[in-house]
Amino acid sequence: MVRSAVVAVLAGLFVMGCAAHRSDLDYPDREAIYDRPLEEMWPEVQGFFTRNELPFREDKGSRVLETEWRQEFGGSKVSGFFHRYLVVGRRETPTSSKLQIFRITKSRNKTLQNPAVQIDWGVSRNLAPPSDSETRGLGVEDFEDRLAEPRGENAFFAESGQGQRDMVMEWRVFREVAPLLSKEENAPKPVQVAKAPNAKEAPSQMAVECGLPIIGLGKKAQPGTVMLLGEMHGTQEVPRFVAQMACQAVVAGLPVTVGLELPLENQGRVDAFLDSKGEEGDWLKLMEAPFWRSPYPDGRGSAAVANMLEHLRQLRSQGLDVDVFVFDHPKANGQQREDAMAATVALQAEVGPKRFHVVLSGNIHSRTKKGLPWNKDHRPMGYLLKQKLDDVVALDMAYDSGTAWICSVDSKGVRDRLDCGVRDAKGKNNGERYFVHTWDSANAEGYHGVFYVGAVNASAPAIRVGDSGPGKEGGKSPFVPEAGKLASSK
C-alpha cells in the first residue's frame, strides 16, 4: 500500500506541472520504488534510454545496462570530463522493484583530477541484485569489464575514474516510467529546459550533460533569487562549480544569469563571445582586453574562468537561456567600489525578476553584514544588496586542502608590490561531492551557508606575462581553449 501510494502521489505532482521542474533540482532523500516486478519494469527502462537517445549496451539476462560516454557540456573544447550511466535493476519484493543508477566519471585532463578520487572498486562495493545469481557479487568494475572497454576515441580513459550514485537520474527515470507501468492516461511530459527567447529551438533535458548533481542546489535555486558566492580566487573548481550550477538550473527550466567580478568595460567582449562560435578569432577578441593581461593576475582572469565562459557559451549556442554580466568598477576605491558593484548587480536583478542570478566575487564583497575587522563602517556589496532586494542568499566557499593561484604581499617584506603564484590552501575534507548547505541563520560575516567544491587546484592565468616580468609585458600567446593546456609565453 505504501509503494502504491508513492506512485499515486507522484501522479498528483505531474498534474501540478511546475512541481516537476522544481523537484528536478532537489536531491532526493529516498529511493524510487516501482510497484511492478523487475521483469515488467525493465523493458520500460530500456525504452526510456532509447527515447532519450542515450545509446547503451546491455548485459543480457542480468538487468544491467551501460550507456556510452558523453562529454560534459557536450561539444565543449575545454571540458575534459566524460560521463556514462551504469543502470542496475534490483528486485525489492516479488511484486516490486527499483533502479540504482551510477554515474561513472572520467577525465582526459589529469591536472583536474584529484589523486584522492582514484577509487579502487572492490568486491565490497556490491552493486548486483542479490536475487540474480548470475550477477551476485559483482561490482561496478566487474560490470564494466563484462560490457567491454572504451573503444576508439574513448580509449584514453585509462586513468582516473570514479562512480557516484545519481539519485536525481533515478527519479527522472521513475517520473517517466512509473505512469507508463500504471497505464496512467496523464503521463508526465518531459521537463522543458529554459529556452532562450530568441532561440529557434533548444535541446531536451536529457540531451545536455551537466555533470553530477549538486546536492542541496534545489532548495535555493529559485526564480528571483540572487545567490552570492564568495570565493577564494584562482582555483579550477569554483568556475567549474558555477558552470555546473548554471547548467543544472537551466535544464531544469530555470533561466540563469551569471555575474562575474570582471571590469565593467569587458561587458561588450563577453557578450560578443557568448554569441560567437568560439573559434580562434572569437577567443582573440575576448582576450585582447587589458584585464586578461594584468601584471598582477589575481585569479579572476584564470584559465578556469575562461573555460567557464566557454561552457556558458556552449549552453547559449544550444538555445538555452543563460546570460552573463560583469560588475566590477576597478577605478573606484573602498566603499565607492562596493556601492558601484551593488548598484550594477541590483539593476540586473530588477531587470530579470524571474531569473536565477548567480553572482561570483571575492568573499569580502559577498558578505551581508556591515563591517570588517579593519573597518567597522565598511558596507560590502552583499550588505547593500540585502537592503535593496527581497531574496539574497550569500554562500561562503568551503573546500578541501590543495592549491590556489593567489596574489599577496611578499611574505618576507622585500618587495613593495604583490607577488602572484601558486600557494597552498588549507581547508577541510567534506568529501568529493559538490554541495550547497545553508544554516538556520546568517553567521557573523553575513553568510547564510556554504558551497563546497572539494579539494582545490590552482588555475594559472589564461594569459601569462612574458619573461620580462610583471609590468613589462613581454611576449604573450592567447589562451588556447584545449583541455589541459594553457597559453605559454614565447
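**Close-up 1. Helices H7 and H9 sit oblique to each other in this predicted model.** The angle between H7 and H9 (residues 303-317) is about 50°, with the two axes 9 Å apart. That angle is neither under 35 degrees nor over 145, and it falls outside 65 to 115 too, so it counts as oblique. On the H7 side, the residues that meet H9 are Val-270, Phe-273 and Leu-274. Their partners in H9 are Leu-309, Glu-310, Leu-312, Arg-313 and Arg-316.

**Close-up 2. H7 also packs against H8, at an angle of about 165°.** Here we look at H7 (residues 267-274) beside H8 (residues 280-287), with 9 Å between the axes. That angle makes the two helices roughly antiparallel. The crossing of H7 over H8 is left-handed. From H7, the residues in play are Arg-269, Val-270 and Phe-273. H8 answers with Asp-282, Trp-283, Lys-285 and Leu-286. Val-270 and Phe-273 may look familiar: they meet H8 here, and they also turn up in the contacts with H9.

**Close-up 3. H6 and H9 run roughly parallel to each other.** H6 (residues 237-251) packs on H9 at an angle of about 15°, and their axes are 8 Å apart. Being under 35 degrees, that angle earns the pair its "roughly parallel" label. The crossing is right-handed this time. H6 brings Pro-239, Val-242, Ala-243, Ala-246 and Cys-247 to the meeting. H9 brings Ala-304, Val-305, Met-308, His-311, Leu-312 and Leu-315. Keep an eye on Leu-312, which meets H6 in this view and is also one of the H9 residues that meet H7.

**Close-up 4. Arg-103 and Asp-166 make a salt bridge, with their closest N and O atoms 2.8 Å apart.** Arg-103 sits in strand S6 (residues 96-107), while Asp-166 is in the loop between strand S7 (161-165) and H5, so this pair ties together parts 63 residues apart in sequence. Are these two charged residues buried or exposed? Arg-103 is buried, at a relative accessible area of 3%. Asp-166 is buried as well, with a relative accessibility of 1%.

**Close-up 5. Glu-209 reaches Arg-70 through a salt bridge, the closest N and O atoms being 3.3 Å apart.** The two partners come from distant parts of the chain, 139 residues apart. Glu-209 belongs to the loop between helix H5 (167-181) and strand S8 (226-231), and Arg-70 to strand S4 (residues 70-71). Glu-209 has a relative accessibility of 4%, so it counts as buried. Arg-70 comes in at 18%, which still counts as buried because the cut-off is under 20%.

**Close-up 6. A salt bridge joins Arg-337 to Glu-261, with 3.0 Å between the closest N and O atoms.** Arg-337 is in helix H10 (residues 334-351) and Glu-261 in strand S9 (residues 256-263), so the bridge ties together parts that are 76 residues apart in sequence. Both Arg-337 and Glu-261 are buried.

**Close-up 7. Five charged residues link up in a network of salt bridges.** Its members are Glu-31, Glu-92, Lys-98, Arg-165 and Glu-170. For context, the salt-bridge count in the model comes to 26.

**Close-up 8. Thr-368 lies in the loop between strand S11 (356-362) and helix H11 (381-388).** With a relative accessibility of 8%, Thr-368 counts as buried. Which residues does Thr-368 touch, leaving aside those up to four places away in sequence? The list runs Gly-382, Tyr-383, Lys-386, Ala-394, Glu-445, Gly-446, Tyr-447 and His-448. Take Gly-382: Thr-368 is 14 residues away from it along the chain, yet their C-alpha atoms are separated by 4.4 Å.

**Overview. Zooming back out, the protein has eleven helices and 16 strands.** Of its 490 residues, 56% are buried. Among contacts between residues at least 6 apart in sequence, 73% join residues at least 24 apart. The protein exposes about 22,000 Å², and 50% of that is supplied by carbon and sulfur atoms.

Note on methods
Residues numbered from 1 in each chain as written. Predicted model: local features only at pLDDT ≥ 70, side-chain atom pairs only at ≥ 80, totals over all residues. Heavy atoms only, no water. Salt bridge = Lys/Arg side-chain N within 4 Å of Asp/Glu carboxyl O. Helix = DSSP H or I, 4+ residues; strand = E, 2+ residues; numbered from the N terminus. Buried < 20%, exposed > 50% of the residue type's maximum accessible area, 1.4 Å probe, protein only. Contact = heavy atoms within 4.5 Å. Areas by Shrake-Rupley, 256 points an atom, 1.4 Å probe, with all protein chains shown as cover. Axes fitted to C-alpha atoms, helices over the stretch in contact; angles between N-to-C directions. Left-handed = near helix turned anticlockwise from the far one by under 90°.
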